[in-house]
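Here are a few short exercises to work through with the model open beside you. Try each task before you read its solution.

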Amino acid sequence: AQQAIVDAVKLKDYAKVVKLATSAKQQEEFDQVANQVANEVLQQRQWNVVRADAFFSSLMMIIVSELGDKTFFIAAVLAMKHPRGVVGAGALGALALMTCLSAAAGFAVPNLLPRVYTHYASVVLFLVFGIKLLKDAREMGDGGGPSEELEEVEAELN
């Protein structure tokens with residue numbers, strides 16, 4: 001476009017110079033708007049990817065951590081003794097409440113404390129709970145037979 005304007009100036013075709021300059025100005029404005037729209041679309045897509053990633057990450061973490069958890073077994077035992085629908089509703093309600101509380105804490109704590117502190121606090125908590133789980137697993141492995149809780153549950157059901 002610039003070469004065409006230079007050629008029109010050399011030929012002293014000023015009407016063509018104005019026409020080409022106007023066209024170039026419109027093309028430049030169009031390119032700016034197109035770039036802005038493209039950037040907004042990319043940001044929206046990135047936000048959707050972030051949301052989807054957060055959703056599936058939390059879903060998988062909850063499935064992995066809750067399957068086989070004490071809560072899982074308590075709900076199973078209660079469902080053997082009480083109506084399954086009531087137990088299921090109670091378990092789902094408790095899980096929903098705990099999820100809301102966890103999400104609220106996950107939003108509030110980083111906004112109240114510096115990110116460095118929350119990072120180190122999460123590292124310490126993971127270590128503490130991991131060590132506690134390993135200790136519990138070792139104690140369960142030493143018994144060799146059914147645990148006291150299992151015996152109590154079996155006695156209560158019979």
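**Exercise 1: the chain as a whole**

What percentage of the 158 residues in the chain do buried residues make up? Describe the secondary structure and the accessible surface as well.

*Solution.* Keep in mind that this is a predicted model. Start with burial: buried residues account for 3% of the 158 residues. Next, go through the secondary structure: the chain has six helices and zero strands, giving the pattern α-α-α-α-α-α along the sequence. Finally, add up the surface, which comes to about 13700 Å², with 67% of it belonging to carbon and sulfur atoms.

**Exercise 2: a residue in helix α5**

Decide whether Thr118 is buried or exposed, and find its contacts.

*Solution.* First, locate Thr118: it sits in helix α5, which covers residues 115-143. Second, take its relative accessibility of 16%; buried means under 20%, so Thr118 counts as buried. Third, set aside the neighbours within four places in sequence; Thr118 is then in contact with Val109, Pro110 and Leu113.

**Exercise 3: the aromatic pair**

Classify the geometry of the one aromatic pair in the structure.

*Solution.* A pair of aromatic rings is described by two quantities, the distance of the centres and the angle of the planes. The structure holds one such pair. Its rings belong to Phe55 and Phe56, with centres 5.1 Å apart and planes at 75°. Angles over 60 degrees count as edge-to-face, so this pair is edge-to-face. For the surroundings, Phe55 is partly exposed at 48% relative accessibility, and Phe56 is partly exposed at 49%.

**Exercise 4: a nonpolar patch**

Which residues form a nonpolar patch on the surface with Phe55 and Phe56?

*Solution.* The other members are Leu59, Met60, Ile63 and Val64. Together with the two Phe residues they have about 590 Å² of accessible area. Take Leu59 as a check: Leu59 lies in helix α2, residues 14-66, and its relative accessibility of 34% makes it partly exposed.

**Exercise 5: the salt bridge**

Find the one salt bridge in the whole structure and place it in its helix.

*Solution.* Side chains of opposite charge can pair when their charged atoms come close. Here the partners are Lys132 and Asp136, whose closest N and O atoms are 3.1 Å apart. The two are four residues apart in helix α5, so about one helical turn separates them. To finish, compare exposure with the classes: Lys132 is partly exposed at 43%, and Asp136 is partly exposed at 29%.

Note on methods
Residues numbered from 1 in each chain as written. Predicted model: local features only at pLDDT ≥ 70, side-chain atom pairs only at ≥ 80, totals over all residues. Heavy atoms only, no water. Buried < 20%, exposed > 50% of the residue type's maximum accessible area, 1.4 Å probe, protein only. Contact = heavy atoms within 4.5 Å. Patch = residues over 30% accessible without salt bridge, like charges linked within 9 Å, V, L, I, M, F, W, Y side chains within 5 Å. Areas by Shrake-Rupley, 256 points an atom, 1.4 Å probe, with all protein chains shown as cover. Salt bridge = Lys/Arg side-chain N within 4 Å of Asp/Glu carboxyl O. Phe/Tyr/Trp six-rings, centres within 6.5 Å; stacked < 30°, edge-to-face > 60°.
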